[in-house]
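Here's a quick walk around a ligand and the protein that holds it. Have the structure open as you read.

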Amino acid sequence: MTKRVVSTLAAGLLAASFLTACSTDSTGGGDGRLVMGFAQVGAESGWRTANTKSVQDAAKSAGVTLKFSDAQQKQENQIKAIRSFIQQRVDVIAFSPVVESGWDTVLKEAKNAKIPVVLTDRAIDSKDTSLYRTFLGSDFVEEGKKAGEWLVGEYKGKNEPVNIVELQGTTGSAPANDRRSGFADVIKGDPKFKVVASQTGDFTRAKGKEVMQAFLKSQPDIDVLYAHNDDMALGAIQAIEEAGKKPGTDIKVISVDGIKDAFQAMADGKINVLVECNPLLGDQLMELAKKVAKGETVPTRVKVTEGVFTQDQAAAALPSRSY
Ligand code: GZL
């Protein structure tokens, strides 16, 4: 009995001290609104634009004061932003880590400042899971597997070689690493599938087009393009058409995200399958932030639900796509 009382008391004191640290030091203490520092990756893709809008709109409707920074896809800018949020004594820090590694030092500074951190969209590879309260985002390995499963189904019963070129996302980022491994895991079971070239297009249209142009020059026979996001796929489609080939027919196109422009391209027959990656994380993020700022426990992992859309579904789905 005594033991249980003590542990409860200790827990109570711990929570109280945490609450005090959060509420009195917070710059939000004045008007009682929660203050969130959000370090965004950048504005590299249609997905990212939708994600930023979702976070900003959700902050407004949740009464959260948002301090927002755009890192232009540079880790050092995100680290600077996190340090500035610590200086400003925000109540909670949320960010989408542009790459998986190199976060322990700055996140330890946030922990020492008793400011809870929420990972959103992308994860980090730190062994120290006490550096963040939760990770809200998609399962990128699952997305890669879904892309591979579509391809296996598409070529079921056929035996001729299938040459694949792959446009990877930002080097070192969780989506690039995981979409690549999930896809590779599924296709490794059938030797007819061969990834003949794989290179980063950094999740942008311009780079996706540039790298696809190089693939078209170096690879005599391409059957499939697997793009880790729609913006690179849409850039690559331009390159395929400029090379006099038909995207979706001469070269099948698999893409991830599911932004409106990609649904339109799929309705036009230029993309064969879209693996959805949901950017609309804002409302869930604000809910989680309010809980962690109050010292409440939250699940360490919150996954978002998302589907797969094929060409026959494109036209009907297009009008209801919200990003
Ligand atoms: C995935 C997200 C990726 C998108 C890209 O959750 O991090 O970054 O797939 C975006 O479009 O650039």
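Let's start with where the ligand lies. Domain 1 (31-137 + 279-305) and domain 2 (140-277) each give residues to the shell around the ligand, so the ligand lies between these two domains. Keep in mind that this is a predicted model.

Which cavity does the ligand sit in? The largest one. Looking at the elements around the ligand, α2 (46-62) and α6 (174-187) are the ones that give two or more residues to its shell.

What kinds of residues make up that shell? It's a mix: six are charged, five are nonpolar and two are polar. There are 13 residues around the ligand, and the ones that come nearest are Glu44, Asp121, Arg122, Arg179 and Asp257.

For three of these, here's how far a side-chain N or O atom is from an oxygen atom of the ligand.

| Residue | Distance to a ligand oxygen atom |
|---|---|
| Asp121 | 2.3 Å |
| Glu44 | 2.5 Å |
| Arg122 | 2.7 Å |

How much of the ligand's accessible area does the protein cover? On its own, the ligand has 320 Å² of accessible area, and the protein covers 100% of it.

So, to pull the picture together: you've got a ligand between domain 1 and domain 2, sitting in the largest cavity, with Glu44, Asp121, Arg122, Arg179 and Asp257 coming nearest among the residues around it.

Terms used
Residues are numbered from 1 along each chain as its sequence is written. This is a predicted model: local features need pLDDT of at least 70, side-chain atom pairs count only at pLDDT 80 or more; totals for chains, interfaces and linings use all residues. Side-chain values use heavy atoms; hydrogens and water are left out. A residue is near a molecule or strand if one of its heavy atoms lies within 4 Å of it. A polar contact is a pair of N or O atoms within 3.5 Å; within protein, one must be able to donate a hydrogen and the other to accept it, and residues adjacent in sequence count only if both atoms are side-chain atoms. Accessible areas come from the Shrake-Rupley method with a 1.4 Å probe; for residues, only the protein chains shown count as cover. On a 1 Å grid over the protein atoms alone, a cavity is a set of points where a 1.4 Å probe fits but cannot get out, and a pocket is an open set with protein on both sides within 12 Å along at least five of seven lines; lining residues have an atom within 4 Å of a point. A molecule sits in a cavity or pocket if more than half of its atoms lie within 2 Å of its grid points. Helices (H or I, at least four residues) and strands (E, at least two) are DSSP runs, numbered from the N terminus. Ala, Val, Leu, Ile, Met, Phe, Trp, Tyr, Cys and Pro count as nonpolar, Asp, Glu, Lys and Arg as charged, and the others, Gly among them, as polar. Domain bounds come from an automatic or database domain assignment.
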